[in-house]
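Colleague: I am new to this one and would like to learn how its labels are earned. Could you show me the structure and take my questions?

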Amino acid sequence: MRRGAPGGGERGLMAPGVRLLVLLALWTPAAAGRPGSGEAGDGGWQWGRPGAPAAVAEEERCTVDRRADLTYSEFLQRYAFVRPVILQGLTDNSRFRAVCSREKLLASFGDSMVRLSTANTYSYQKVDLPFQEYVEQLLRPQDPTSLGNDTLYFFGDNNFTEWAALFRHYSPPPFGLLGTTPAYSFGIAGAGSGVPFHWHGPGYSEVIYGRKRWFLYPPEKTPEFHPNKTTLAWLQDVYPALAPLERPLECTIRPGEVLYFPDRWWHATLNLDTSVFISTFLG
């Protein structure tokens, strides 16, 4: 399987232990205080002490192709059924980003009921509560000692009628697959949270605010993981011991970037910041 990327590739590689320490430093709960003001580019979602400097260091290992010039024909030939790819500049979702600020989402949907899932592989527990309560009381940095089945995560299970006013502002990736119908899943999650390894059909994931780290394996290579442990626990306990040939494809997705993942690819996610994101599943 080819690694590296046109326009991407591996930059500034660090030893696994150093990469791990840098990733863990980005979400540490000790820095949490109150939500940001909504100024600049964070939409009011980032947590931190007033005046605290933003994290400036981030590991740069990326083994997923980044493409700003991809045609539909090349997408079908090289990626759609073969391997993930990060799309850049194919859509402009600045309007959607504007209506996804903390202030505007709370004003529009604060009283709406949302369904939370546990952040484990099977997400078998569901909890319903008002969106404002989730944002103001549960949207916190991940406790590193918590299990996935003790962590509630807002992603998917959206009421499409109720959230239609938001989704109409979103421009999905332009590349479809024959015989599939797109369906949106919208989410907001705290720093250090994520979903452990799982698989499903093909789709796209776009970050609106924050940064999301992805770890991916092809269908034939089942990763070593515990379905009730968080991605953060996997990163700390399993990842450092992986031999080079056992490591996943990985990359950090930033606002405006869209990750495509093929059918049945294993993947796990880790939010490096409080993140707002939307997926387009091709069912």
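**Salt bridges and burial**

Modeller: Gladly! Let us start with a group of four: Arg67, Asp69, Glu74 and Arg78 are linked in a network of salt bridges. Please keep in mind that the model is predicted.

Colleague: What makes Glu74 and Arg78 a salt bridge?

Modeller: The cut-off is 4 Å between a side-chain nitrogen of Lys or Arg and a carboxyl oxygen of Asp or Glu. For Glu74 and Arg78 the N to O distance is 2.7 Å, so the pair meets the definition. Both residues sit in helix α2, four residues apart, which is about one turn of the helix.

Colleague: Why is Glu74 called buried, and what is Arg78 called?

Modeller: Buried means under 20% relative accessible area, and partly exposed runs from there up to 50%. Glu74 has 18% and is therefore buried. Arg78 has 28%, so the label there is partly exposed.

Colleague: How do you know that Asp65 and Arg83 meet in a salt bridge?

Modeller: Their side chains come to 3.5 Å, N to O, and the limit is 4 Å, so the pair counts. Asp65 lies in strand β3 (residues 65-67) and Arg83 in the loop between α2 (72-78) and β4 (85-88), so this salt bridge ties together parts that are 18 residues apart in sequence.

Colleague: Are those two residues buried or exposed?

Modeller: Asp65 has a relative accessible area of 2% and Arg83 has 11%. Buried means under 20%, so both residues earn that label.

Colleague: What makes Glu257 and Arg66 a salt bridge?

Modeller: The N to O distance between their side chains is 2.8 Å, and the cut-off is 4 Å, so the name fits. Glu257 belongs to strand β12 (residues 257-261) and Arg66 to strand β3, so the pair ties together parts that are 191 residues apart in sequence. Both Glu257 and Arg66 are buried.

Colleague: Why can such side chains pair at all?

Modeller: Side chains of opposite charge can pair when their charged atoms come close.

Colleague: And how many salt bridges does the structure hold?

Modeller: Nine.

Colleague: Lovely. What does the rest of the chain look like?

Modeller: The chain has seven helices and 14 strands. Of its 283 residues, 51% count as buried. The exposed area is about 12,600 Å², and carbon and sulfur atoms supply 54% of it. Among contacts with a separation of 6 or more, residues 24 or more positions apart account for 82%.

Technical notes
Residues numbered from 1 in each chain as written. Predicted model: local features only at pLDDT ≥ 70, side-chain atom pairs only at ≥ 80, totals over all residues. Heavy atoms only, no water. Helix = DSSP H or I, 4+ residues; strand = E, 2+ residues; numbered from the N terminus. Buried < 20%, exposed > 50% of the residue type's maximum accessible area, 1.4 Å probe, protein only. Contact = heavy atoms within 4.5 Å. Areas by Shrake-Rupley, 256 points an atom, 1.4 Å probe, with all protein chains shown as cover.
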